[in-house]
Amino acid sequence: MCRLPIGRTRPGCRSDNRQGKLNRQEAFSMKEISAGGIVYRKRGNTVEIQMIRDRFGKVAFPKGKMEPGETIEQTALREIGEETGIVGVIRQPLETVRYRYVSSEAGVVDKEVHYFLVEATGGSLRAQTEEINGVEWFEPKEVWRLQRGDGYDNMDSVVRKALLLLGCEVERL
């Protein structure tokens with residue numbers, strides 16, 4: 001692999017098809033760690049899963065940036081509570097999603113989001129309107145339909161894994 005730690009390449013490796021050259025943003029990327037969860041609840045013999053509508057109009061799952069002194073697990077539970085009003089317990093780690101975006105304040109950001117399967121144990125469903133546009137509970141088949149139609153592509157495998165762990169059938173990609 002040609003990439004070295006953030007913003008460095010080995011001599012002779014290409015970056016943006018330019019031999020050994022990085023643009024200014026690539027050379028000074030920042031790392032951001034976030035955490036969140038796919039939250040479920042049991043109602044009788046059925047399972048419901050929480051989805052949010054983010055500020056960009058996409059369906060997603062609650063997540064947010066890690067604060068100093070927090071563990072990844074504490075971050076996930078805090079963000080779920082802040083964004084949706086739900087208290088929960090982590091049942092299992094799911095996946096870590098990595099991507100890069102450009103921020104007007106920080107430039108290039110290498111983001112890492114740790115997702116957990118979280119069982120709702122209390123709280124009252126309410127959207128933190130400063131961060132998200134809405135939050136609702138859905139049946140598993142509807143969660144998969146919404147994810148495939150209106151979610152972020154990099155979340156398909158996370159949602160699939162959560163649904164399978166909950167004993168739900170998922171159509172093949």
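Me: Is Tyr101 buried, partly exposed or exposed?
Reply: In this predicted model, the relative accessibility of Tyr101 is 26%. Buried requires a value under 20% and exposed a value over 50%. Tyr101 therefore counts as partly exposed.

Me: What is the relative accessible area of Tyr99, and which class does that give?
Reply: The value for Tyr99 is 29%. The class between under 20% and over 50% is the intermediate one, so Tyr99 is partly exposed.

Me: How many aromatic pairs does a search of the whole structure find, and is the geometry of Tyr99 and Tyr101 stacked, edge-to-face or tilted?
Reply: The search returns one aromatic pair. The ring centres of Tyr99 and Tyr101 are 6.4 Å apart, with their planes at 40°. Planes under 30 degrees apart would be stacked and those over 60 edge-to-face, so this pair is tilted.

Me: Which residue lies over the face of Tyr152, and at what distance from the ring centre?
Reply: The residue over this face is Lys58. Its distance from the ring centre of Tyr152 is 5.3 Å.

Me: Which strands are joined to S8, in which orientation, and by how many bridges?
Reply: Strand S3 (residues 30–43) runs parallel to S8, with eleven bridges between them; one residue of S3, Gly36, stands opposite Tyr115. Strand S7 (residues 86–103) is antiparallel to S8, and a hairpin of three residues links the two. Gln92 has Leu117 in S8 as its bridge partner. The bridge counts are eleven for S3 and 16 for S7.

Me: How many residues of strand S8 are buried?
Reply: Strand S8 covers residues 107–123, which is 17 residues. The strand is mostly covered, and the number buried is 14.

Me: Which element gives the most residues to the largest nonpolar core?
Reply: This core has 24 residues, of which Ile38, Ile49, Phe61 and Tyr115 touch the most other members. Two or more residues come from each of S3, strand S4 (46–54), S7, S8, helix H3 (140–150) and helix H4 (156–165). The top contribution, four residues, comes from H4.

Me: With which residues is Phe61 in contact, leaving aside its neighbours within four places in sequence?
Reply: The contacts of Phe61 include Gly37, Gln50, Met51, Ile52 and Gln147. The others on its list are Ile38, Ile49, Tyr115, Val143, Met155 and Val159.

Me: How many residues make up the other core, which lies apart from the largest one?
Reply: Its members include Val39, Ala76, Ile86 and Phe116. The number of residues in this core is nine.

Notes. Residues numbered from 1 in each chain as written. Predicted model: local features only at pLDDT ≥ 70, side-chain atom pairs only at ≥ 80, totals over all residues. Heavy atoms only, no water. Buried < 20%, exposed > 50% of the residue type's maximum accessible area, 1.4 Å probe, protein only. Pairing = 2+ DSSP bridges. Phe/Tyr/Trp six-rings, centres within 6.5 Å; stacked < 30°, edge-to-face > 60°. Lys NZ or Arg CZ within 6 Å of the ring centre and 35° of its normal. Core = buried A, V, L, I, M, F, W, Y, C linked by side-chain atoms within 4.5 Å. Contact = heavy atoms within 4.5 Å.
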